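Me: I should like to examine the reasoning behind the labels used for a model. Please set each value against its criterion.

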Amino acid sequence: MSLKPSSIVQHLDRFVIGQDDAKVTVAVAVYLHFRKIAHARRDDLPITKSNVLLIGPTGTGKTLLCETLARLLSVPFVTAEATALAQSRYVNEEIEAILQRLVDKAEGDIARAQNGIVFIDEIDKLKATDREPRSVSGESVQHALLKIMEGSPVKLRDATYIDTTNILFICGGAFIGLDEIMSQSNSYGYISTSEGDNKKIMERLNARIKPTDLFTFGLIPEFTGRLPVVARFQELDRDMLVRIMTEPSDCLYTQFREIFSGEGVELTIEPRVFEQISELAMEYKTGARSLRGIFEELITPILYAVPDNPDIRKVRIASLFNDPVVVRGERGA
Ligand SMILES: Nc1ncnc2c1ncn2[C@@H]1O[C@H](COP(=O)(O)OP(=O)(O)OP(=O)(O)O)[C@@H](O)[C@H]1O
Ligand SMILES: [Mg+2]
């Protein structure tokens with residue numbers, strides 16, 4: 001398999017807006033993963049595995065990026081929620097079930113499953129301090145996970161074993177409060193501010209999430225140690241939100257234009273409307289998550305009216321706060 005990091009990024013770009021640094025980090029990790037698989041087949045120098053941790057605010061594309069990646073890659077890929085693990089009283093059985101799903105995805109081919117990718121979402125919910133009665137504590141889930149991330153044989157339901165050594169683990173979480181922890185932890189000073197490059201390197205180092213920050217947050221050191229690669233997702237700005245609604249091939253605008261065109265109606269929404277929706281969404285602070293809700297609120301009354309009015313041919317929306325302009329006429333005219 002000769003998937004270049006840049007081709008992975010190009011594919012991600014079609015569905016995930018922005019988050020360029022995270023895309024590059026993930027693409028390189030996946031690329032290394034495949035190189036490693038190729039090397040293992042040829043039996044020469046092994047490359048050590050670099051599991052990945054995705055950190056960023058809610059609704060900024062972490063899960064979307066992994067799902068998009070899964071569709072691109074030809075290796076078996078499964079996702080799991082850390083919260084479900086923490087709520088279960090039998091963590092090891094749950095973990096087995098995840099690996100079993102990976103084997104199922106590989107159509108029973110254990111060797112393929114052993115090179116697969118497992119995405120564990122909501123990993124920040126495993127904070128060592130969050131303890132719920134009658135459930136396994138986050139910390140013991142971390143211990144259970146770190147065993148398989150490290151690589152160990154796990155017995156499956158039909159008594160076969162799967163070796164997790166070469167499985168790539170991607171963990172994701174919002175890590176609310178990590179920024180404050182980072183701003184309190186020591187940062188590097190500039191050695192020489194006159195040199196632009198030097199300043200850039202220092203800024204990069206300071207923007208890095210240190211294992212100690214994750215430790216303060218509530219991940220145990222052994223666990224953070226197994227996640228050497230950290231990719232940060234940024235808050236989405238207004239322009240990115242506009243692009244999310246209008247650019248990807250499966251974006252909201254395209255989806256609804258198709259629904260309307262199925263009724264023989266041409267839907268046009270002016271760029272200004274998408275800006276207004278984005279501004280509202282930014283106030284809700286749930287990233288791109290609130291876009292659909294606001295958009296549907298706008299479109300619902302029109303969708304309600306269209307089937308009752310077969311003479312409507314065009315609907316044009318110019319502002320979130322004005323009624324849409326409706327053009328009527330003969331169908332197909
Ligand atoms: N960068 C992005 N590009 C395109 N769409 C996005 C992006 N970020 C979010 N979205 C949209 O918002 C939805 C929610 O995003 P996603 O599930 O990836 O959030 P998340 O970062 O995993 O958040 P959480 O931490 O709450 O799990 C996606 O299904 C997608 O429609
Ligand atoms: Mg998510």
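Reply: In this predicted model, helix α3 (residues 62–72) gives the most to the shell around ligand 1, with three residues. Of the 16 residues around ligand 1, those that come nearest are Ile 17, Thr 58, Gly 59, Lys 62 and Thr 63.

Me: What makes the pair of Thr 58 and ligand 1 a polar contact?

Reply: A side-chain N or O atom of Thr 58 is 2.5 Å from an oxygen atom of ligand 1. The cut-off for a pair of N or O atoms is 3.5 Å, so the pair is a polar contact. The side chain of Thr 63 has an N or O atom 2.8 Å from a ligand 1 oxygen, and for Leu 64 a backbone N or O atom lies 2.9 Å from an oxygen atom of ligand 1. These values too are within 3.5 Å, so both pairs qualify.

Me: How much of the accessible area of ligand 1 does the protein cover?

Reply: On its own, ligand 1 has 630 Å² of accessible area, and the protein covers 80% of it. Ligand 1 sits in the largest pocket.

Me: Why is the pair of Asp 104 and Arg 157 called a salt bridge?

Reply: The closest N and O atoms of Asp 104 and Arg 157 are 3.8 Å apart. The criterion is a distance within 4 Å, so the pair is a salt bridge. Asp 104 belongs to helix α5 (residues 91–105) and Arg 157 to the loop between β4 (153–155) and β5 (161–163), so the pair ties together parts that are 53 residues apart in sequence. The structure holds 13 salt bridges.

Note on methods: Residues numbered from 1 in each chain as written. Chains lettered and ligands numbered in written order. Predicted model: local features only at pLDDT ≥ 70, side-chain atom pairs only at ≥ 80, totals over all residues. Heavy atoms only, no water. Near = heavy atom within 4 Å. Polar contact = N/O pair within 3.5 Å; in protein donor to acceptor, adjacent residues only side chain to side chain. Areas by Shrake-Rupley, 256 points an atom, 1.4 Å probe, with all protein chains shown as cover. 1 Å grid on protein atoms, 1.4 Å probe; cavity = no way out; pocket = protein on both sides within 12 Å on 5 of 7 lines; lining within 4 Å. Sits in = over half its atoms within 2 Å of the grid points. Helix = DSSP H or I, 4+ residues; strand = E, 2+ residues; numbered from the N terminus. Salt bridge = Lys/Arg side-chain N within 4 Å of Asp/Glu carboxyl O.
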